[in-house]
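Visitor: I would like a close look at a single part of this structure, namely the place where two helices meet through their side chains. Please take it residue by residue and put it in the setting of the whole chain.

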Amino acid sequence: MKADFVTDIRAARVTPALLLAALLSACAGPEPVPREVPAPPVTSVAQADQQLAAVARERAAIEARFAERERVCYDKFFVNRCLDEARERRRTALAAQRAIEVQAERFKRQAIADERDRNVAEAERRFQEQEARMAATPPKPAATPTPVPPPRKPTAPGRAAERDARLRAAQQQEAADAGKRAQSVRDYAARKAESEERQRKVAERKAEKAAKAAREAQDAAAKGTGAKAADPKVIDIK
């Protein structure tokens with residue numbers, strides 16, 4: 001502060017009144033900078049969306065306030081100190097908004113992943129119930145074809161035609177039942193393969209989610225460490 005004061009006195013032509021006002025301003029000390037506060041908790045996706053919208057509005061307001069403070073600083077005697085305070089206020093305010101944004105986005109991603117897992121688990125439960133019911137009543141083995149009885153002695157034309165019709169209908173029904181039983185066996189095998197594939201995908205998604213959460217924790221820790229670095233000061237060249 002003393003170095004800035006001496007530099008500004010040597011570089012500017014000041015009157016005694018202006019010098020006295022500057023000294024009084026220096027003795028008063030800098031205006032306190034707001035402290036960073038923790039982000040409010042998020043309990044729903046709707047609340048997360050509201051916080052993200054509020055963050056966008058507040059960032060615009062922070063930049064507008066910073067631009068106004070910069071303009072005011074260039075009219076003051078101690079320009080560098082005023083600019084440093086304005087930058088520190090802007091950094092603190094933006095860091096608080098970033099913490100809110102990170103928490104809201106993380107909650108939304110987790111909510112989406114949880115909803116997807118619940119849907120997959122529900123579909124898997126229904127499928128397992130269906131498989132259990134089918135396993136309790138396995139398909140009947142294919143019946144051997146009914147042997148065709150030997151030809152009988154000639155009978156009346158009407159009775160012979162009726163008997164042949166009944167025989168053909170019985171043979172057709174037997175063939176249809178055999179096809180249905182074979183199709184049931186194929187459907188059971190296909191559903192079992194589909195269930196195993198879904199279980200494999202669920203395990204892969206859980207592993208990916210755990211790895212992603214670990215990366216996000218590392219990124220958040222790295223950003224928190226980088227945010228504490230002080231901004232470089234601007235040196236007035238007159």
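Guide: What follows starts with the whole chain, moves to the helix contacts, and ends with the rings and the disulfide.

The model is predicted. The protein chain has a mean pLDDT of 77, and 69% of the residues score at least 70. Confidence varies by element: helix α3 (residues 45-73) has the highest mean pLDDT, 93, and helix α1 (residues 2-11) the lowest, 42. Over residues 1-30 the pLDDT is below 50, and this stretch has 24 contacts in the model beyond near neighbours in sequence. At the other end, residues 230-238 also stay under 50, with 13 contacts beyond four places in sequence.

The secondary structure consists of five helices and zero strands, so to speak an α-α-α-α-α pattern when read along the sequence. Of the 238 residues in the protein chain, 18% count as buried. Among contacts with a separation of 6 or more, 82% are between residues 24 or more positions apart.

The part in question involves helix α4 (residues 79-136) and helix α5 (residues 157-227). Three residues serve as reference points: Glu131, Ser195 and Arg198.

Take Glu131, whose place is in helix α4. Its relative accessibility is 10%, and because the limit for buried is under 20%, Glu131 counts as buried. Setting aside residues up to four places away in sequence, Glu131 touches Tyr188 and Arg191. With Arg191 there is a polar contact, side chain to side chain, at 3.1 Å.

Ser195 lies in helix α5. At 6% relative accessibility, Ser195 is buried as well. Leaving aside neighbours within four places in sequence, Ser195 is in contact with Glu124, Phe127 and Gln128. For Ser195 and Phe127, the separation is 68 residues in sequence, while their C-alpha atoms are 7.5 Å apart in space.

Arg198 also has its place in helix α5. Beyond neighbours within four places in sequence, Arg198 is in contact with Glu124 and Phe127. Each of these two contacts can be described further. The side chain of Arg198 makes a polar contact with the side chain of Glu124, at 3.3 Å. Towards Phe127, Arg198 lies over the face of the ring, 4.7 Å from the ring centre.

Glu124 and Phe127 therefore appear in the contacts of Ser195 and again in those of Arg198. What distinguishes the Arg198 side is the geometry: a polar contact with Glu124 and a position over the face of Phe127.

A second charge-over-ring arrangement is found at Phe78. The charged end of Arg81 sits over the ring of Phe78, 5.2 Å from the ring centre. Phe78 also takes part in an aromatic pair, and a search of the whole structure finds one such pair. The ring centres of Phe77 and Phe78 are 5.1 Å apart and the planes stand at 80°, so the pair is edge-to-face; the cut-off for that class is over 60 degrees. Both rings belong to buried residues: Phe77 has a relative accessible area of 15%, and Phe78 has 5%.

The last item is the disulfide. A search of the whole structure finds one, formed by Cys73 and Cys82 with their sulfur atoms 1.9 Å apart. The torsion about the S-S bond is about -70°, so the disulfide between Cys73 and Cys82 is left-handed. Cys73 and Cys82 are both buried.

To restate the part that was asked about: Glu131 pairs with Arg191 through a side-chain polar contact, Ser195 is in contact with Glu124, Phe127 and Gln128, and Arg198 makes a polar contact with Glu124 while lying over the face of Phe127.

Note on methods: Residues numbered from 1 in each chain as written. Heavy atoms only, no water. Phe/Tyr/Trp six-rings, centres within 6.5 Å; stacked < 30°, edge-to-face > 60°. Buried < 20%, exposed > 50% of the residue type's maximum accessible area, 1.4 Å probe, protein only. Lys NZ or Arg CZ within 6 Å of the ring centre and 35° of its normal. Disulfide = S-S within 2.5 Å. Helix = DSSP H or I, 4+ residues; strand = E, 2+ residues; numbered from the N terminus. Contact = heavy atoms within 4.5 Å. pLDDT = per-residue confidence, 0-100. Polar contact = N/O pair within 3.5 Å; in protein donor to acceptor, adjacent residues only side chain to side chain.
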